[in-house]
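Hi there,

Here is the structure I promised to pass on to you. Have a look at it first, and then read my notes below.

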Protein chains: 2
Amino acid sequence: MAIVRRSQKRDAILRLMRSTKCHPSADWIYQQLKEQYPNLSLGTVYRNLNQLSEQHIIRRVGVIQGQERFDAVTYPHAHFVCNRCGTVMDLPDCAPSEQAIQSLGKQYGFMVEGHEFNLRGLCQDCKHHITLEESAS
Amino acid sequence: MAIVRRSQKRDAILRLMRSTKCHPSADWIYQQLKEQYPNLSLGTVYRNLNQLSEQHIIRRVGVIQGQERFDAVTYPHAHFVCNRCGTVMDLPDCAPSEQAIQSLGKQYGFMVEGHEFNLRGLCQDCKHHITLEESAS
DNA sequence: CTCAATAATAAGAACGGTTTCTATTTAGGA
DNA sequence: TCCTAAATAGAAACCGTTCTTATTATTGAG
């Protein structure tokens, strides 16, 4: 692996990610930071997100509505994903035990490096919207 | 929802999906079926996969190495995904209980429609390849 | 069986998120 | 300060997926 130098942009990306609970996409980060760094490039955001997740400093949540989402919280926890608005929320008390996962890996001969545990459905707001739409038809 | 008519292509897609354990991508299905249906269109595969998953006849596994993967097995079960070769395998005895999921939904006010539970890592083959590559450097 | 309505399709263009390319700037050790 | 290579901006390329349009296939009604 190549040497990693510090950079202002990467520091800012990581600081922003650690200050929000919204599980951002690359573009969301780009929109937020280009006020402070007007010449920021979207490619820079992607390159740094990829680098940070290779170093396990951040985590990939998965592709939601066509965009990869990231999470600066790296300890094991599950997510709820709203299929209508794309919101991602933490389910902190819902992580599979590391022990169970590793013993599954051993059983099948896999090297388990991580996991995604996402519940899918409708959040409270969207549940209400859907109900209104249906009663209108 | 619009009326659904039967079609030869959709029947063939579903038959193929039910005959394999490989959790195919749209393109894999397209490559397989275009021998028998030379004028099959990739758009047709996508349209039918989307329709079948809206009807809950098949399931989305998630985006793996840039491609959405699908599963004709719809009862709850987990997957192992190899980060190197992209293989997806079923972990049949590793499904979160429906009861636990629904009670979580109730607790937060979500309507839970489904879930993804994917372990990630290296499969047996790729584990060996990585070991060889490292010992070569 | 024939016909009409419309769902499904083929072919290819368009779309959009992500990666890659190249010249330039920046970080950081000597 | 100077040198080397990592990091960046800007833009082009990439590629999986969706959309468009003219045509074909399905299915119910008469």
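A:Asp93 is exposed, with a relative accessible area of 73% (exposed means over 50%, buried under 20%, and partly exposed in between, using a 1.4 Å probe and the protein chains only). You will find A:Asp93 in the loop between β4 (88–91) and α4 (98–108) of chain A; helices (H or I, at least four residues) and strands (E, at least two) are DSSP runs, numbered from the N terminus. A:Asp93 is 87 residues away from A:Arg6 in sequence, and the two are 35 Å apart in space, C-alpha to C-alpha.

Please keep in mind that this is a predicted model, where local features need pLDDT of at least 70 and side-chain atom pairs pLDDT 80 or more, while totals for chains, interfaces and linings use all residues. Residues are numbered from 1 along each chain as its sequence is written, chains are lettered from A and ligands numbered from 1 in the order written, and side-chain values use heavy atoms, leaving out hydrogens and water.

Now to the DNA. There are 21 residues around strand C, where near means that a heavy atom of the residue lies within 4 Å. A:Tyr46, B:Ser7, B:Lys9, B:Thr44 and B:Arg47 come nearest to DNA strand C. Of the strand C atoms within 4 Å of the protein, 76% belong to sugar or phosphate, and the rest to bases. Bases are touched too: a polar side-chain atom of A:Arg5 lies 3.0 Å from a base nitrogen of strand C, and one of B:Arg5 lies 2.7 Å from a base oxygen of this strand. These are polar contacts (pairs of N or O atoms within 3.5 Å). The largest share of the surface near strand C, 4 residues, comes from α3(B).

What about DNA strand D? Of the 22 residues around strand D, the nearest are A:Ser7, A:Lys9, A:Thr44, A:Arg47 and B:Tyr46. Sugar and phosphate make up 78% of the strand D atoms that come within 4 Å of the protein. Phosphate oxygens of strand D lie 2.6 Å from a side-chain N or O atom of A:Lys9, and 2.8 Å from a polar backbone atom of B:Glu68. Here α3(A) gives the largest share of the nearby surface, 4 residues.

Next, how do the two protein chains meet? In chain A, 28 residues are in contact with 28 residues of chain B (contact means heavy atoms within 4.5 Å). The chains bury about 2,600 Å² between them, 62% of it on carbon and sulfur atoms; buried area is the accessible area (1.4 Å probe) that two parts lose on being put together, summed over both. A:Phe110, A:Glu116 and A:Arg120 supply 23% of the area that chain A buries against chain B, more than any other three residues.

Finally, the rings. There are 5 aromatic pairs over all chains (ring centres of Phe, Tyr or Trp, the last by its six-membered ring, within 6.5 Å; planes under 30 degrees apart are stacked, over 60 edge-to-face, the rest tilted). A:Tyr108 and A:Phe110 are stacked, 5.5 Å centre to centre with 5° between the planes. A:Phe110 counts as buried because its relative accessibility is 11%, while A:Tyr108 is partly exposed at 27%. One aromatic cluster is formed by A:Phe80, B:Tyr108 and B:Phe110.

Enjoy exploring!

Definitions and conventions. Polar contact = N/O pair within 3.5 Å; in protein donor to acceptor, adjacent residues only side chain to side chain.
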